[in-house]
Each structure stands twice: as C-alpha cells, then as structure tokens.
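These are my notes from going through one model, entry by entry. I set down what I looked up and what I found.

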Amino acid sequence: LVETNQLRITNNIESMNAGVTITTPSVDPVNLNATIDIKTVLKNESPKARIATVINRIVDKNGLVVLKLTQQATINSGSEYTFNQIGGIEEDLHLWSIDDPYLYRVNTLVLENGKAIDCVDNRLGIRKFELDAKEGFRLNGKNIELIGFNRHQHYGYIGDAIPNPLHYKDMLQFKQLGFNVVRTAHYPQDDALIDACDELGILVYEEAPSWIAVSQDQRWYDNMESAARTMVRNHRNHPSVVIWGAGINHRGTVPQIHYAVKQEDPTRLTASQSSRWTGWQSSGLTDIFANMNYGPGIWERQEPLFAMEG
C-alpha cells in the first residue's frame, strides 16, 4: 500500500509510459562516456492545476552527484505530464559488466513551491550489449560466451514465499560456479532476484509465465500479453536484464507477445524456446534463436544459437 500526495510520480506498471523510464541511447566503452535519457510521468489528482519541478540526480557509489537535470511544468487537474530530461556522463564513466557490476543511483525528486512532495530511487547500470550474427553476444564491446542455468523461485516447504536473502544466496552460488546468465523459468521472478543479478553481475533472460499447454481462446493470449507487459514495466530499469521472453515455453515464438514486448521496450532483445517434440524448431520472429535442444534439429549456423535445455 503506497500513500502519496495528489500530485505524484505514477507507478511503472500503471501504463506503458508511466513512472520513471531510464535509457542510455548511446554508450561509448572506448572513450567512456554515455548519454542518459530519463522520462518521469507525474499525475495531478487534485482539483486544481499545480506547478511541479522534477530534479533527477545521477549519484555514483561514493555518493557524489555526477549529473543533475531540472525541469518545471504546470500540470492541469486530472492530467498527466511527462518530463523529458536528457544529459550525459562525459568523463570518468564506470561501466556495468559481469566482472565489475558498477551501479549508479537515479534519485527522482518532485518539488512544489520548494517543498519535496514525492521521491523515488532507481538503479542505473550503464552498459552496451549487442548480438552479432558472426561474433555472438557482445557486452561493452567484448565477446562473452553466455553460460548459465534455468532457475525456479521455490524451495521445499516454503514454495514461493522465499525471503529475499535466499534469492541472493541462489545468485551468489550461481556466480561462484562461474555462470553469467540466468533464465527465469518460466515466469517473472521476485524483484529481489533481479536486484541480486544487478549487484553480482549476472545477465537475465526474463519471460512471461508460460508452459507447454496453449489455448485457442484469444483471451488466453491477451492475458499472457498483459502479464508480459507488466513484467517489462516492472523490471525495465534493471541493467542485468538483456533479454525478454516472447513466446510459449517449448512451443516457440508468439508474434503478439514479441510485438507487445518490443512496443514496451525496444532497447532489449527478444527470444523464445521451441522443441521438436512440441513443434518444429524455428527461430521465428524473435531476435534470438533459443531452442530446447532435444535430439537432432535444424541449425545452419546462419545465426547464433542460445540453447535453453538439452
């Protein structure tokens, strides 16, 4: 339960553009600079127009403000307003990587007549990732072989009611074993899991809830799309997340989900899983060919393969 002022920062899951959205349109891992774009949506639920000032501060690990962005606007009663602020870190940039998961903090403060009325914090890890047809996955200009595991978020006698330290413990052991990527099989997982991956330097492939069974009822797919959109809105500001699932586990790509995810977040890759025993393997529409490699399959090496099971 969150109690706010009638003039407030919206929550990320309220709509596609709600809350605070942080992107890095350009990251230069050679000259160590980056452009940071922050969109903050405020809603005025009071009976009169109000003047708000939004201050976004990028704070480094030492508590120093390395970038400050300020914007003021009048927001009419019952309306929303998007504050668009952009700037950059032009020197002494610390990149986020699997070996050095450096995290900045984005402090978003709302002022009215000089008084603070709302505030939220987000993490910021600045990294550049690419998927090259020949070289595979690249992070900050360096090739990385993705080696990891699928992970379910339940324990015996506890179920899904896992305290946060157990999420962290799983990922710490995961890191100690030498893995660098985790797939949340087969559903969005707790915020604590994503936080742990941010802190430890583990890449995340997160997907909407799905299993082998499907329905012919369009409402089934609409419900899955709604879940996928909520997943993206909830975790889109986390640097560890680099791939969104856009299909049905074992059955491959679902165009409706791929398009919804790309609409919510065009900055990340999509993938899905398919297996021969529930439908022929195919890369389909998604950015990554992520298959369940049971028995012989078709792969002509014309694109990278990200094997999920086998």
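In which loop is the place of Ala246? I looked this up with the caution that the model is predicted, and I found Ala246 in the loop between β15 and β16.

**Entry on Ala246.** I then asked whether Ala246 is buried or exposed. Ala246 counts as buried, because its relative accessibility is 0% and the cut-off for buried is under 20%. Leaving aside neighbours within four places in sequence, I listed the contacts of Ala246 as Thr253, Val254, Ile257, His258, Thr270, Ala271, Ser272 and Thr286. I also took a long reach across the model: the C-alpha atoms of Ala246 and Gln71 are separated by 36 Å, and the two residues lie 175 positions apart along the chain.

**Entry on the whole chain.** I stepped back to the overall picture and noted four helices and 19 strands in the protein chain. The C-alpha trace spans about 65 × 50 × 40 Å along its principal axes. I compared the radius of gyration, 21 Å, with the value near 19 Å that a compact globule of 310 residues would have, and the two agree. Of the 310 residues, 49% are buried. Among contacts with a separation of 6 or more, 59% are between residues 24 or more positions apart.

For the surface, I noted that the protein chain exposes about 15,200 Å², with carbon and sulfur atoms supplying 49% of that area. On charges, I found 29 positive and 37 negative ones, whose mean positions are 2 Å apart.

**Entry on helix α3.** How far does α3 reach from its first C-alpha to its last? Helix α3, residues 218-235, has 18 residues and reaches 26 Å, close to the 26 Å expected at 1.5 Å a residue. I went through its buried residues and wrote down Tyr221, Met224, Glu225, Ala228, Arg229, Met231, Val232, Arg233 and His235. I then looked for what covers them, and the cover includes the helices α2 (191-200) and α4 (255-264) together with the strands β14 (203-206), β15 (241-245) and β16 (247-248).

**Entry on Arg151.** I turned to Arg151, which lies in strand β12, residues 148-151. With a relative accessible area of 6%, Arg151 is buried. Which residues are in contact with Arg151, leaving aside its neighbours within four places in sequence? I recorded Leu166, His167, Asp170, Met171, Val182, Arg183, Thr184, Ala185, Gln189 and Leu193 as its contacts. From C-alpha to C-alpha, Arg151 and Met171 are 9.7 Å apart in space, with their positions 20 residues apart in sequence.

**Entry on backbone geometry.** I kept a general expectation in mind here: most residues other than glycine have a negative phi, and most peptide bonds are trans. Ala185, one of the contacts of Arg151, is joined to His186 by a cis peptide bond with omega near -10°. His186 has its place in the loop between β13 (181-184) and α2.

I next noted two residues other than glycine with a positive phi, Asn140 with a value near 55° and His250 with a value near 80°. Asn140 is found in the loop between β10 and β11 (142-143), and it counts as buried at 11% relative accessibility. His250 has its place in the loop between β16 and β17 (252-253), and it too counts as buried, at 4% relative accessibility.

**Entry on two exposed loop residues.** Is Asp160 buried or exposed? Asp160 lies in the loop between β12 and α1 (164-176) and counts as exposed at 52% relative accessibility, the cut-off for exposed being over 50%. Not counting residues up to four places away in sequence, Asp160 touches Gln153 and His154. I also took the separation of the C-alpha atoms of Asp160 and Gln189, which is 9.6 Å for residues 29 apart along the chain.

I closed with Lys134, in the loop between β9 (129-132) and β10 (136-139). Lys134 is exposed, with a relative accessible area of 79%. The C-alpha atoms of Lys134 and Arg301 are separated by 9.0 Å, although these residues are 167 apart along the chain.

Definitions and conventions:
Residues numbered from 1 in each chain as written. Predicted model: local features only at pLDDT ≥ 70, side-chain atom pairs only at ≥ 80, totals over all residues. Heavy atoms only, no water. Rg over C-alpha atoms; globule rule 2.2 N^0.38 Å. Buried < 20%, exposed > 50% of the residue type's maximum accessible area, 1.4 Å probe, protein only. Contact = heavy atoms within 4.5 Å. Areas by Shrake-Rupley, 256 points an atom, 1.4 Å probe, with all protein chains shown as cover. Lys, Arg positive; Asp, Glu negative; His and termini not counted. Charge placed at Lys NZ, Arg CZ, Asp CG, Glu CD. Expected span 1.5 Å × (residues − 1).
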